Amino acid sequence: MIISDKLKKEFLNLQESIDLITNKNSILDIQLENFLRVFEKARYNLLAEIKLYNNNKEFEYEKIKTINDEYKAEFSNNVLKIYIPETMPSYKNLKTHTYKRVLLNVAEVTKQYSNLFTDTEVFIYVKVFDNILGWDIDNKDIKAISDALITSNVIKDDNLSKMFYSAKGEFSETPHTEVYVFDSKKVTQFLEKSIS
């Protein structure tokens, strides 16, 4: 893989940030958050370069595999289903890098469905799975999902005339999130099927 000048600069910036953090005995929360933001930006740029590299490879075994491959999206029976390989962050532990990681990955896997729901009001059903007993679904932040769908142009907007949603929490040994996006006219039918 040929490392571009842009990527080299990203690595140097990341190295500088790592050095600043590791050479201190203590750091402020804001310094750690800034480092994680730089780290997430570098990770995203690296993934973008790997995707360009993979697009030019004919055989699957030549391609570089990344954690990004765990995010999935498929459209079937008029429902866009998205798999997020992590639980959504809670509001009290919310960090900008977590929000951005989910947003960018969901936007990437859904961009092939651009304009799918731009002309209709949509319902977004979010099932968040976590490996903690007795947790509260209203403590989870799911804003990154709708923001990602706007970024990939799957939905036009998340204002009250374009979108509404519901979130359900469940226990699972494997934390993850499932998202279902569809025309709001089918919400009753979908929920009746999901609950039964």
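Burial first: I find that 39% of the 196 residues of the chain count as buried. The model is a predicted one.

I looked up the fold next. The chain has five helices and five strands, and along the sequence they run α-α-β-β-α-β-α-β-β-α. The C-alpha atoms fill a box of roughly 55 × 45 × 35 Å along the principal axes.

Then I checked helix α2. Its 27 residues should span 39 Å at 1.5 Å a residue, and the end C-alpha atoms are 39 Å apart, which agrees. I noted the buried residues of α2, among them Phe35, Leu47 and Ile50, but also Glu33, Glu40, Arg43 and Glu49. Lys41 is in α2 too; I list Lys41 as partly exposed because its relative accessibility is 45%. Lys41 joins Lys6, Lys9 and Lys100 in a positive surface patch.

Salt bridges came last. I get a count of seven.

In helix α4 (residues 143-151), Asp147 and Lys143 lie four residues apart, about one turn, and their side chains form a salt bridge at 3.2 Å, N to O. Asp147 has 12% relative accessibility, so I enter Asp147 as buried; Lys143, at 45%, is partly exposed.

Glu108 pairs with Lys111, with the closest N and O atoms 3.0 Å apart. Lys111 is partly exposed at 48% relative accessibility.

Asp183 and Lys185 meet at 3.9 Å, N to O, in another salt bridge. Here Asp183 is buried at 18%, whereas Lys185 is exposed, with a relative accessible area of 71%. I also found Lys127, Lys168 and Glu170 joined into one network by salt bridges that share partners.

Terms used
Residues are numbered from 1 along each chain as its sequence is written. This is a predicted model: local features need pLDDT of at least 70, side-chain atom pairs count only at pLDDT 80 or more; totals for chains, interfaces and linings use all residues. Side-chain values use heavy atoms; hydrogens and water are left out. Patches are made of residues with over 30% relative accessible area and no salt bridge: like charges are joined within 9 Å, nonpolar side chains (Val, Leu, Ile, Met, Phe, Trp, Tyr) within 5 Å. Accessible areas come from the Shrake-Rupley method with a 1.4 Å probe; for residues, only the protein chains shown count as cover. A salt bridge is a side-chain nitrogen of Lys or Arg within 4 Å of a carboxyl oxygen of Asp or Glu. Lys and Arg count as positive and Asp and Glu as negative; His and the chain ends are not counted. The place of a charge is taken as NZ of Lys, CZ of Arg, CG of Asp or CD of Glu. Helices (H or I, at least four residues) and strands (E, at least two) are DSSP runs, numbered from the N terminus. Buried means under 20% relative accessible area, exposed over 50%, partly exposed in between (1.4 Å probe, protein chains only). The expected span of a helix is 1.5 Å times one less than its number of residues.
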